[in-house]
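Work through the exercises below with the sequence and the structure at hand. Try each task before reading its solution.

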Amino acid sequence: MASSAQSGGTSGGPAVPTVQRGIVKMVLSGCAIIVRGQPRGGPPPERQINLSNIRAGNLARRAAATQPDAKDTPDEAWAFPAREFLRKKLIGKEVCFTIENKTPQGREYGMIYLGKDTNGENIAESLVAEGLATRREGMRANNPEQNRLSECEEQAKAAKKGMWSEGNGSHTIRDLKYTIENPRHFVDSHHQKPVNAIIEHVRDGSVVRALLLPDYYLVTVMLSGIKCPTFRREADGSETPEPFAAEAKFFTESRLLQRDVQIILESCHNQNILGTILHPNGNITELLLKEGFARCVDWSIAVYTRGAEKLRAAERFAKERRLRIWRDYVAPTANLDQKDKQFVAKVMQVLNADAIVVKLNSGDYKTIHLSSIRPPRLEGENTQDKNKKLRPLYDIPYMFEAREFLRKKLIGKKGMHSMTSCRTCHFGGLRMSLSAFPIFPDIPYTPKYPGKVNVTVDYIRPASPATETVPAFSERTCATVTIGGINIAEALVSKGLATVIRYRQDDDQRSSHYDELLAAEARAIKNGKGLHSKKEVPIHRVADISGDTQKAKQFLPFLQRAGRSEAVVEYVFSGSRLKLYLPKETCLITFLLAGIECPRGARNLPGLVQEGEPFSEEATLFTKELVLQREVEVEVESMDKAGNFIGWLHIDSANLSVLLVEHALSKVHFTAERSSYYKSLLSAEEAAKQKKEKVWAHYEEQPVEEVVPVLEEKERSASYKPVFVTEITDDLHFYVQDVETGTQLEKLMENMRNDIASHPPVEGSYAPRRGEFCIAKFVDGEWYRARVEKVESPAKVHVFYIDYGNREILPSTRLGTLPPAFSTRVLPAQATEYAFAFIQVPQDEDARTDAVDSVVRDIQNTQCLLNVEHLSAGCPHVTLQFADSKGDVGLGLVKEGLVMVEVRKEKQFQKVITEYLNAQESAKSARLNLWRYGDFRADDADEFGYSR
């Protein structure tokens, strides 16, 4: 019953009614309330108390749905003000009461006092005194209580309060609206602004009936984003509560029932409104979750306007503590160690649109599936030709786009390693310069690709056996993978290249960022991206000419003439045998590395297994880690009888054949003698022999005769020094770094970044000024030394990277003050500008572009030898030589007919000038490039923009 009972009076005197106490749960009308006791192990008992001796107006009632002829009953005059008077005075307060009469039907009548004893305010008297209730008709004032009621009524009449005021009280009758014709329009019209309301009824913990003010709409409100246990209605009409349904209902009732609240109307579901109820003491939605009375629901959490992540965090709080409905909860990763739940790994391969292979710090490989997303798939049974072998990557719509998105985002493009490169490439959709990755050829080649990702394991999907319709699946590790703070699965879904898996509501094996995935999919659908596009599905007609000798013969001359071709390594069969995809030619080829003899791997032959040669697996792994699914350049020289192409593969200006030899995983083959890479191969092999490792572990050095070099007398001063070319400009100037100071730059950059990480600059605090040195944040997220060249606006600041020679336009928010410890006084700017001596740069734009492209292809990201020939007003003019062949780069441009000779009269240059002029005559005779139409330098020289 409602609280404990207390007796009053003395023995032998008149009987005194028992005083009882309780908390007011609800005001039914101006003369009836419901009181409850204190909860002990569950919802407390409650009882209805009707006020004795008075009468207040009846509130409106809606006609029963089972009686179609019945009509709604409106409020009686002053009924609602009487209810409101009691609601504001009593809800949630402690009262005491005495029972004076109990009818045979069980209705109880008595007196109610505010407070812990009968000395408190008499509620009946207060109602009558305010003119909100009357004494019951026929009641005689034969005791003090009835006398006081009579006096209160007379005073109210005299003061014309309430129902005793002038008029009939029609203004106190509410125009209740039980239905809304257009709920969607009704919700949208409020623009998610808080609406004042009174909670009239609590159906369960997450569903209430609310009276919206001031227009008196009586609506059902379902709390957005959550669901509490409910009361299941049985066939006989009774209700069976689900576990914790009664507790959840009491939790909401005790805080919201008949309280003044504000509701944010967020969406609608049939006639029910989805919303968030705001109370001065907190947000009931989040409280229910945090106390373990509710769970998040996917179908409505998207409309929750105060941040779905808050709801997930509250639910996670209850799960971790196993509160109430989560008492038996076991986390999907409960059996994993912390180091297996979150780790950093390097992406080695993209298997398909939802799976990658990563390399752990331990050196082990692990397959990771992206949580809660589904890759593109074939729809329908007859979409694929049964006579044609299915190639999922190319035949399933958008599978290739999805794979390429992940490959470029996680594995990256060429140039992302320890070499310096200031040309631009695209990474994950961003155009970026590669000057951030310094290399110096005297340092061992150690690629540093941007494949480091953060992996958070969400759940382990157990292995499942095959059925008639579903193939067998092995155990899967499903995780959220991020790089640079970007959730890869979310990015994939937002591009329309994957869809989100829908789960049962009680299925907790899902992504920890499931709501973000759903939001990303909604955006992709709205914008018609990828799989959701109404445009024609992209078709990839990729010809596989691997092993097709006839097609390979037809294709060979084309590849030979093409020189270096772009390719993507799709598969690595062994250290020197790969499958390549040529994007421009849209074909697949098998490619063999030229010039080397790589250990042969194991083979499965009919009837036996042929074991691999020593170090074959190491060579295969080396090639995989270096080039698998990366963008490379290939030079095709020939093909074998099986239709496999043979040639050279370059990864970021490094020759893979040379790298394998350098790491003692291959030997130089005699066929390399006719190649321009022969010297590099021999040098790498000699160094590997000296180390006596791997394939050279048993090498015995043979004595060689000493050869005394004969120095030729030189006519001009030639003092070549090793440099590294970092940037080629559009006017054929170039920037180089001095190899000797390369290690100093690397050390300075490392220390500077550590210092910035400890004391990061405040975004937007730096005001750039022209000519000032600063630090600039490149698109790779790293900081570099730079100089401000021009300030157009805070959003457009032109900077020059002083150590690499490339330029960029950045917002001032990505700039900061250069710490003094890393100024140019500590280490001067490392990028020095030079121009080619003895040549004229074409003034025609197309011709100049051809020359620049040739230079980029030949010396970009490579070590060269530089000799200063003469000085000029702009920058020193120099000759460059290839480091390996000692060939003159400028002379090579003349031989190709890409530039013309600048004739100088200095005596010391005459020998060089003569050589350049002879090369120019040869190019002219062969009608190469500039000379394709003969010697144009006669009468129409000015028209073509050249001077003789």
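## Exercise 1: The chain as a whole

The secondary structure of the protein chain comprises 22 helices and 52 strands. Helices (H or I, at least four residues) and strands (E, at least two) are DSSP runs, numbered from the N terminus. The model is predicted: local features need pLDDT of at least 70, side-chain atom pairs count only at pLDDT 80 or more, and totals for chains, interfaces and linings use all residues. Residues are numbered from 1 along each chain as its sequence is written, and side-chain values use heavy atoms, with hydrogens and water left out.

Task: State what percentage of the residues in the protein chain is buried, and what area the chain exposes.

Solution.
1. Buried means under 20% relative accessible area, exposed over 50%, and partly exposed in between (1.4 Å probe, protein chains only).
2. Of the 948 residues in the protein chain, 47% are buried.
3. The chain exposes about 49300 Å², and carbon and sulfur atoms supply 49% of this area. Accessible areas come from the Shrake-Rupley method with a 1.4 Å probe; for residues, only the protein chains shown count as cover.
4. Among contacts (heavy atoms within 4.5 Å) with a separation of 6 or more, 62% join residues 24 or more positions apart.

## Exercise 2: Confidence

Task: Find the average pLDDT of the protein chain, and a stretch where pLDDT stays under 50.

Solution.
1. pLDDT is the predictor's confidence in each residue, from 0 to 100.
2. The chain averages a pLDDT of 86, and 89% of the residues score at least 70.
3. Over residues 413-450 pLDDT stays under 50; the model has 134 contacts beyond four places in sequence for this stretch.
4. Residues 938-948 also have a pLDDT below 50, with 16 contacts in the model beyond near neighbours in sequence.

## Exercise 3: Two helices

Task: Check the end-to-end spans of α5 and α19 against the expected spans.

Solution.
1. The expected span of a helix is 1.5 Å times one less than its number of residues.
2. Helix α5 (residues 245-256) has twelve residues, so it should span 16 Å; its end C-alpha atoms are 16 Å apart, which agrees.
3. Helix α19 (residues 845-859) has 15 residues and reaches 21 Å from its first C-alpha to its last, close to the 21 Å expected.
4. Next, list buried residues: those of α5 include Ala245, Ala248, Phe251 and Leu256, while those of α19 include Ala847, Ala851, Val855 and Ile859.
5. An α-helix has 3.6 residues a turn, so residues three or four places apart point the same way.
6. The buried residues of α19 pack against β41 (721-728), β48 (832-836), β50, β51 (877-882) and α20 (889-895).
7. Just after α5, glutamine 258 takes a positive phi of about 60°.

## Exercise 4: Aromatic rings

Task: Describe the pair of phenylalanine 400 and tyrosine 581, and say which parts of the chain the pair ties together.

Solution.
1. Rings of Phe, Tyr and Trp (its six-membered ring) pair if their centres lie within 6.5 Å; planes under 30 degrees apart count as stacked, over 60 as edge-to-face and the rest as tilted. The structure holds 22 aromatic pairs.
2. Phenylalanine 400 and tyrosine 581 are edge-to-face, at 5.7 Å centre to centre and 70° between the planes.
3. Phenylalanine 400 lies in helix α11 (residues 399-411) and tyrosine 581 in strand β32 (residues 577-582), so the pair ties together parts 181 residues apart in sequence.
4. Phenylalanine 400 counts as buried because its relative accessibility is 9%; tyrosine 581 counts as buried at 7%.
5. Tyrosine 784 and tyrosine 801 form another edge-to-face pair, at 6.2 Å centre to centre and 85° between the planes.
6. Both tyrosine 784 and tyrosine 801 are buried, and ring pairs link Phe778, Tyr784, Tyr801 and Tyr804 into a cluster.

## Exercise 5: Single residues

Task: Is leucine 336 buried, exposed or partly exposed, and where does this residue lie?

Solution.
1. Leucine 336 lies in the loop between α8 (308-321) and α9 (338-341).
2. Leucine 336 is partly exposed because its relative accessible area is 24%.
3. Leaving aside its neighbours within four places in sequence, leucine 336 contacts Lys341, Val457 and Ile460.
4. The C-alpha atoms of leucine 336 and isoleucine 460 are separated by 9.6 Å, although the residues are 124 apart along the chain.
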